Amino acid sequence: MNKSLKLIVRIALLVVLVPLIALAVVGSFKTEGENSSIREKVIIEHSDSVMYVTVINDPADSVILRTPSEELSVKAIKSETFRTLAAKMYSTVTAPHQDGVGIAAPQVGVNKRVIWVMRYDKPGKPLELYVNPKITASSSSMIPGVEGCLSVPCYKGSVPRSGKIEISYISLETFRPVTEIVDGYTARIFQHECDHLDGILFKDRADTVYIDEAWAAERKEFEARGYFKKPDFLD
Ligand SMILES: [Zn+2]
C-alpha cells in the first residue's frame, strides 16, 4: 500500500468511525425517557401559571394524550418541579376558560401520573391532588353518565362507568400508598382522569358522542379573546 493510499484509508476510517463513536456515547447518556423528561421540565418551567391544554385534534398533542404516563418516584414528588407542575395544573383546571372538574398531567403536555380531582363527595367540593393513582377494584355494575373533556373541546358523551371504585395513590404527607373507596360522580371523575394516564379518552368508552352547542359557543368567544393558543416553545 503506498503512502497516499494509506492516508485515504485513515481519513475514510475517521469519517466513518468518529460519528459512530459519538452516536454511541450520546445514545448511552440520552435515553428516550430522559429526552422526554427534559422536554417536560421545559414545559413545566416555561408555561404561564395557566398552562396550554393539549387537544386531540392537534397531531403533536394527540401523541402526548395517547402515550401512557410514567409513575413518579418519591424523590420526584419532593422536587420543586413537581410542586410547580401541581400548582400550574390547579391554576389551569380552575381557569374560567377551562373550568374543569379534573385534569391529568398529559393534558398539560406531561406524561406523568398526576391528577387533580374535584371531590364531589366532600363538603365544598375541593379539588385534590393525586400522585400515581391506580384503580385497584371496581364494581361490576356500569352506570351511564355524561362526560366532557378539556382535551376533546365542545364534545360530550354518555359513558358507562363503575358506580364504586377502590383507588390507591401515594400520600403527599407520608409518601406511602393509601387506599380509599369512592363512589358516585367522584368515582366517575377518578375513572376519567386515570384513563388519561393510560392514553384513554372518554370518547373511546362512550356509547354516544355529540357536540355541546353551548360549550362550542362559549369556547368560540374565549378563542376570539386569544385563549387556547399554543405557546411557541411547544411547537
Ligand atoms: Zn379528560
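This passage walks through the two sheets and the nonpolar core of the structure above. The model is predicted, so its local features need pLDDT of at least 70 and its side-chain atom pairs count only at pLDDT 80 or more, while totals for chains, interfaces and linings use all residues. Residues are numbered from 1 along each chain as its sequence is written.

Five strands (DSSP E runs of at least two residues, numbered from the N terminus) form an open sheet in the order β1-β2-β3-β6-β7, with antiparallel pairing. Two strands pair if DSSP finds at least two bridges between them. At the edges lie β1 and β7 (177–183), each pairing on one side only. Three bridges link β1 to β2 in the antiparallel sense, and I103 has W116 in β2 as its bridge partner.

A second open sheet has three strands in the order β4-β5-β8, again paired antiparallel. Its edge strands are β4 (142–148) and β8 (208–211). Strand β5 (residues 155–162) is joined to β8 by four bridges, and S158 stands opposite T208 in β8.

Turning to the interior, the largest nonpolar core holds 38 residues, of which M89, I103, A105, I115, V117 and F190 touch the most other members. Such a core is a set of buried Ala, Val, Leu, Ile, Met, Phe, Trp, Tyr and Cys residues joined through C-beta atoms within 7 Å; buried means that 20 or more other C-beta atoms lie within 10 Å of a residue's own, with C-beta atoms placed from the backbone. Among the elements giving two or more residues to this core are α5 (80–94), β2 (114–118) and α6 (184–197).

Conventions. A residue is buried if 20 or more other C-beta atoms lie within 10 Å of its own, exposed if 12 or fewer, and partly exposed in between; C-beta atoms are placed from the backbone.
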